[in-house]
Amino acid sequence: MAYPVITGAVLIEALGAALNMAGQDEGGRTGNVIMVKQLRIGRNRYPYVSGQAWRRWWREVLYADFGWEPSPVTREQKSAYTEGDPIVYAEDDIFGYMAARKRSKKKNSSEQSGTFRRVSPLKNSLLISVLPNVITDDFGHFSRNLKEGEDYILFEHQHYTAPLQGVFTISLTDVGRFEVGEMKDIPEEKVEAYKERLRELSPNIYTLPPEEKVKRVKDVLGALARLRHGAQLARHLTDVSPVVIILGFLDGGNAPFQNLFSTPEGETVILDLKRFESVLNDYAENLLKVEGKGIPVFIGLRPSILANEEEIKEFAENNKLVELCGTPKQALLKAMEYVEKIYNILD
């Protein structure tokens, strides 16, 4: 296996949502409209959630539900960085960092200095609306406890109802694997400090025990099923946990399950089976194998979300590369069963 990854596509049902805001627009009827983030393709506008926001939600669930300890942040005048310790902090391992510390002017100083960076094994896209032109302008007013005769204060804001799609990958090789040296993952001092927890793979490359890597990857997958957060939840209470998920174990590939959801009739959303089948055919040889068998691509979906649900069931029954698992959480649990098996082969 050259580059084993877990890769997935998600669909989120954002109902009356304002999950990621672009800030205030001085225009509009009230002069204080708060806009949702949106991108243009031709004449159409699509609301989206930034990749950074999605990652923030993901981390927050890992802190709250899985006991991950936030990596301490150091703030300097023009920069900020985490502890940069992927051995102790799973967050630094999975989400990466750039820790650029000022060099100490003191001779023989024991303070850690220099620049260390870690490319995140977890990579994710934006979450982009499948439907265009769904942004609604709405009004609100502040009237609470105003004195008699005082005017309401109007404000304008935007929201949308739309399915959002995105993709992600987790590099199984890179989780818990650290290169040593400046501009790499960790300094030599950390190897010495944590020598009981690390195993040398080759000169200047160390790894955590497989059980720690398995736990971290399983936690990340488990957190996706519980995904929550986003802006303006007090007024919109949007559920951002995936309603459809597609998961595959591949050797290589750059998140091939892109743009699988579409709206051919302009309103209802489908899983584009022609495109999906095309991807499956091209990557059939890249599916990771356990005990001589390729791991199927798992699909989990909530009922009544996709317009071609019956076609998907028929497709899964007749395609050995696919397994329909039930709900999104059940698909994630199914994928988690294979994480340890894959690491047993890798290690």
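## Helix α1

Let's start with what α1 tucks away: Gly51, Ala53, Trp54, Arg55, Trp57, Trp58, Val61 and Leu62 are all buried in this helix. Keep in mind that we're looking at a predicted model.

The helix covers residues 51-66, 16 residues in total. From first C-alpha to last, α1 reaches 21 Å, close to the 22 Å expected at 1.5 Å a residue. Right after α1 comes glycine 67, and its phi is positive, near 75°.

## Helix α4

Further along the chain sits α4, residues 210-225, again with 16 residues. At 1.5 Å a residue it should span 22 Å, and its end C-alpha atoms are 23 Å apart, so the two values agree.

The buried residues of α4 are Lys213, Val214, Arg216, Val217, Asp219, Val220, Leu221, Gly222, Ala223 and Leu224. Charged names turn up in that list too, including Lys213, Arg216 and Asp219.

## How the two helices meet

Two packed helices are described by the angle between their axes and the distance between the axes. Here, α1 and α4 pack at about 110°, with 9 Å between their axes. Because angles of 65 to 115 degrees count as roughly perpendicular, that's the label for α1 against α4. The crossing of α1 past α4 is right-handed.

On the α1 side, the contact is made by Trp54, Trp58, Val61, Leu62 and Phe66. Facing them from α4 are Lys215, Asp219, Val220, Gly222, Ala223 and Leu224. Sorted by class, that gives eight nonpolar residues, one polar and two charged. Some of these contact residues are also on the buried lists, among them Trp54 and Trp58 of α1 and Asp219 and Val220 of α4.

## Proline 163

Over in strand β13 (residues 153-171) you'll find proline 163. Its relative accessible area is 12%, and since buried means under 20%, proline 163 counts as buried.

What does proline 163 touch, leaving aside neighbours within four places in sequence? Its contacts are Leu11, Ile12, Ile128, Ser129, Val130, Leu131 and Val269. Phenylalanine 261 is 98 residues away along the chain, yet the C-alpha atoms of the two residues are separated by 9.2 Å.

## The whole chain

Zooming out, the protein chain has eight helices and 23 strands. Its C-alpha atoms fill a box of roughly 70 × 65 × 35 Å along the principal axes.

Of its 347 residues, 47% count as buried. Among contacts with a separation of 6 or more, 71% come from residues 24 or more positions apart.

Conventions
Residues are numbered from 1 along each chain as its sequence is written. This is a predicted model: local features need pLDDT of at least 70, side-chain atom pairs count only at pLDDT 80 or more; totals for chains, interfaces and linings use all residues. Side-chain values use heavy atoms; hydrogens and water are left out. Helices (H or I, at least four residues) and strands (E, at least two) are DSSP runs, numbered from the N terminus. The expected span of a helix is 1.5 Å times one less than its number of residues. Buried means under 20% relative accessible area, exposed over 50%, partly exposed in between (1.4 Å probe, protein chains only). Axes are lines fitted to C-alpha atoms, for helices over the stretch in contact, and angles run from 0 to 180 degrees between N-to-C directions. Angles under 35 degrees count as roughly parallel, over 145 as roughly antiparallel, 65 to 115 as roughly perpendicular and the rest as oblique. A crossing is left-handed if the near helix is turned anticlockwise from the far one by less than a right angle, and right-handed if clockwise. Contact means heavy atoms within 4.5 Å.
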